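I sat down with this one today and kept a few notes as I went. Here is what I looked up, in the order I looked.

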Amino acid sequence: MVLPVLYSLRNCPYAMRARLAIYASNQQINLRDLVLSNKPAEMLTVSPKGTVPVLVTADNEVIDESLSIMLWAFSQTDPDDYISQATPNALAEMLAVIAIFDNEFKGHLEKYRCSKRYHEPSLVEDRQQCERYLADLESRLCQHSYLMSDQPSLTDLALMPFIRQFARVERQWYLQSPYPKLRQWLNHYLQSRMFSKVMVQNPMWLDSKQEVVFGANV
């Protein structure tokens with residue numbers, strides 16, 4: 001059987017969320033880990049923009065946006081109902097929340113990370129810009145166990161890698177921050193079997209040309 005191929009970067013949050021969805025949907029793919037300084041010609045041929053993740057399906061369809069890969073995975077199988085198929089407007093609501101974080105929060109997060117790295121005087125201000133979005137998540141998690149309901153959803157998997165990035169910028173501040181529900185939610189994922197499987201360190205594909213089969217049932 002021909003498996004889809006995923007070009008991925010282990011610590012890239014976009015690639016991470018694509019792998020999370022592939023795992024949660026019980027799909028199997030050939031995983032090709034790479035470093036951005038050495039991009040495979042095979043990947044650049046199918047996706048000249050040169051960013052990860054890139055999925056080439058068994059039918060040779062190329063999907064090179066992380067959220068689109070997530071939606072592809074759950075369109076194949078969704079055993080735990082991550083996209084709440086029976087609930088009207090549920091997917092639209094999930095996508096609306098994800099869009100806010102992709103289009104707004106991510107920019108503030110990058111500024112915050114740069115401020116910490118380069119010791120900028122705007123560090124606190126940049127963190128506070130991010131906090132406006134965290135406060136919304138904390139409020140959601142005070143109402144239910146996950147971001148959209150008491151069941152995990154596409155939104156949880158899409159946002160988790162970026163909240164993980166935020167938590168690592170000023171670790172001591174984060175641990176004492178007024179977001180206990182968010183910390184609990186993030187820890188739940190970081191300590192999960194799914195996350196440990198998604199974050200396995202594999203040989204670089206260009207070095208070994210070894211196909212690594214990835215998925216929940218591997």
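**Entry 1: the sheet**

Which residue in β5 does I29 stand opposite? I began there, keeping in mind that this is a predicted model. I found F214 opposite I29. The two strands involved are β2, residues 28-33, and β5, and they pair in the antiparallel sense over 4 bridges. As a reminder to myself, strands of a sheet pair through backbone hydrogen bonds, either parallel or antiparallel.

Next I traced the whole sheet. I noted 5 strands in an open sheet, ordered β4-β3-β1-β2-β5, and the pairing is mixed. Which strands stand at the edges? They are β4 (62-63) and β5 (212-215). Each has a single partner strand, so one side of each is left without a neighbour in the sheet.

**Entry 2: two helices**

I then turned to α3 (residues 66-76) and α6 (residues 154-169). I read an angle of about 145° for their packing, and their axes are 11 Å apart. The crossing of α3 past α6 is right-handed.

Which residues meet there? From α3 I listed L67, M70, L71 and F74, and from α6 I listed L154, L157 and A158. Sorting this contact by class gave me 7 nonpolar residues, with no polar and no charged ones.

**Entry 3: the largest pocket**

I looked up the largest pocket and wrote down a volume of about 160 Å³. What lines it? My list reads Y14, R17, K49, T51, V52, P53, D64, E65, S66, L67 and D102. Among the suppliers of the lining, α1 (13-24) and α3 each give at least two residues. I was curious about the chemistry, and by class the lining has 5 charged, 4 nonpolar and 2 polar residues.

L67 caught my eye, as this residue is in the pocket lining and also in the contact of α3 with α6.

**Entry 4: backbone oddities**

Two of the lining residues, V52 and P53, sent me to the backbone. Is the peptide bond from V52 to P53 cis or trans? I found it cis, with omega near 0°. P53 sits in the loop that runs between α2 (41-46) and β3 (54-56).

My last stop was N26, in the loop between α1 and β2. N26 is not a glycine, yet its phi is positive, at about 65°. I marked N26 and the bond from V52 to P53 on my copy, and closed the notebook there.

Notes. Residues are numbered from 1 along each chain as its sequence is written. This is a predicted model: local features need pLDDT of at least 70, side-chain atom pairs count only at pLDDT 80 or more; totals for chains, interfaces and linings use all residues. Side-chain values use heavy atoms; hydrogens and water are left out. Axes are lines fitted to C-alpha atoms, for helices over the stretch in contact, and angles run from 0 to 180 degrees between N-to-C directions. A crossing is left-handed if the near helix is turned anticlockwise from the far one by less than a right angle, and right-handed if clockwise. Contact means heavy atoms within 4.5 Å. Ala, Val, Leu, Ile, Met, Phe, Trp, Tyr, Cys and Pro count as nonpolar, Asp, Glu, Lys and Arg as charged, and the others, Gly among them, as polar. Two strands pair if DSSP finds at least two bridges between them. On a 1 Å grid over the protein atoms alone, a cavity is a set of points where a 1.4 Å probe fits but cannot get out, and a pocket is an open set with protein on both sides within 12 Å along at least five of seven lines; lining residues have an atom within 4 Å of a point. Grid points are joined across faces, edges and corners, and a volume is the space filled by probe spheres set on the points.
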